[in-house]
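Below are some remarks on the model you sent, set out as numbered points. They begin with one charged residue and work outwards from there.

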Amino acid sequence: MKRLLPVVVMTLLLAGCATWVKTEGRLTSAGQQFTVDPPQGWMRRNSDSLFVITRDGFPLQTILISRMKISEEKQFRHTTKRVTAGMLPNEIAEVIIDDFQSDPDRPVDAVEENVPADVGGKKGSLVRLAYTTKTGLKFRCQIYACLCGGWLYRVSYLAPARYYFDKDLPTVQNMMKTFVINAT
């Protein structure tokens, strides 16, 4: 998820007053207009544009919740394809997959799943893929995405494939059952 890595790093470095806090109860983001029950006891750090949730530390398992205005000039780091109003969930998934496949630093080994999914009460998509870093570490990533009111909502879960991904995937799937987009 190289395109999200700079955002995560900058968020962590520049958010001087933001600290890691233990997740307890329901999380509501008025600014991003969503509500979710994050995994209890995990740690979270948030900014106005990105929520980062982890149990054992980034990048052992990381959940990223974000939304992006589809009118942004540069939507993705590696693809020139764009998400536009009215796109079908499978079309959004194809743009997300293309962004991963266009990343020379983290070549996609396989697109394991690309299916329709309920995302926060909206019609969306679920994409699961595997990639290998330049250092040879294999990761798996699961991305839920949907359009709502001119925004692209994404909930991404990434973790090393060998142990962490499968271990925490049920927790992420249960969290997604509570994810609600409050915008119209």
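1. Asp-168 is buried, as its relative accessible area is 1%. This value, like the others here, comes from a predicted model. Asp-168 pairs with Arg-55 in a salt bridge whose closest N and O atoms lie 2.9 Å apart. The acid sits in helix α3 and the base in the loop between β5 and β6, so the bridge ties together parts 113 residues apart in sequence. Arg-55 is partly exposed, at 28% relative accessible area. Asp-56 also belongs here: Arg-55, Asp-56 and Asp-168 are linked in a network of salt bridges.

2. The structure holds 8 salt bridges, and two others deserve a comment. Asp-37 and Arg-26 meet through their side chains at 3.1 Å, N to O. Asp-37 is in the loop between β3 and β4, while Arg-26 is in the loop between β1 and β2, and the two are 11 residues apart. With 24% relative accessibility, Asp-37 counts as partly exposed.

3. The other pair is Arg-128 with Glu-113, where the closest N and O atoms are 3.4 Å apart. Arg-128 belongs to strand β8 and Glu-113 to strand β7, so parts 15 residues apart in sequence are tied together. Arg-128 is buried at 15% relative accessible area, whereas Glu-113 is partly exposed at 26%.

4. In what order do the strands of the open sheet run? The sheet has 8 strands, in the order β1-β4-β5-β6-β10-β9-β8-β7, and the pairing is antiparallel. β1 (21-22) and β7 (108-119) are the edge strands; each has a single partner, so one side of each has no neighbour in the sheet.

5. Strand β10 (residues 151-160) is mostly covered, with 9 of its 10 residues buried. It pairs with β6 (residues 62-69) in the antiparallel sense over 8 bridges, and Tyr-157 of β10 is the bridge partner of Ile-63. With β9 (residues 138-148), β10 shares 10 bridges, again antiparallel; here Leu-152 is the bridge partner of Leu-147. β9 and β10 form a hairpin with 2 residues between them, and Gly-149 in the turn has a positive phi of about 55°.

6. Thr-62 is found in strand β6. Thr-62 counts as buried because its relative accessibility is 0%. Leaving aside neighbours within four places in sequence, Thr-62 is in contact with Val-52, Ile-53, Ser-156, Tyr-157 and Leu-158.

7. Strand β8 (residues 122-132) and β9 are joined over 9 bridges in the antiparallel sense, with Gly-124 opposite Cys-146 of β9. Helix α3 (residues 164-176) packs on the sheet and touches β6, β7, β8, β9 and β10; its direction makes about 150° with that of β10. Helix α2 (residues 89-101) lies across β7, β8, β9 and β10, running at about 20° to β8.

8. Why are Cys-146 and Cys-148 not bonded to each other? Their sulfurs are 6.3 Å apart, too far for a bond, given that a disulfide requires the sulfur atoms to be within 2.5 Å. The count of disulfides is 0. Both cysteines are nevertheless buried, Cys-146 at 0% relative accessibility and Cys-148 at 5%.

9. The largest nonpolar core has 27 residues, and those with the most contacts inside it are Ile-63, Ile-65, Val-155 and Phe-179. At least two core residues come from each of β3 (34-36), β5 (50-54), β6, β7, β9, β10 and α3. α3 gives the largest share, 6 residues. Another core lies apart from this one; it has 23 residues, among them Ala-93, Val-95, Phe-100 and Tyr-131.

10. Val-155 is a useful residue to inspect in the larger core. Not counting residues up to four places away in sequence, Val-155 touches Ile-63, Leu-64, Ile-65, Gln-142, Ile-143, Tyr-144, Met-175, Met-176 and Phe-179. Of these, Ile-63, Ile-65 and Phe-179 are named with Val-155 among the residues with the most contacts inside the core.

Definitions and conventions. Residues numbered from 1 in each chain as written. Predicted model: local features only at pLDDT ≥ 70, side-chain atom pairs only at ≥ 80, totals over all residues. Heavy atoms only, no water. Buried < 20%, exposed > 50% of the residue type's maximum accessible area, 1.4 Å probe, protein only. Helix = DSSP H or I, 4+ residues; strand = E, 2+ residues; numbered from the N terminus. Pairing = 2+ DSSP bridges. Contact = heavy atoms within 4.5 Å. Axes fitted to C-alpha atoms, helices over the stretch in contact; angles between N-to-C directions. Core = buried A, V, L, I, M, F, W, Y, C linked by side-chain atoms within 4.5 Å. Salt bridge = Lys/Arg side-chain N within 4 Å of Asp/Glu carboxyl O.
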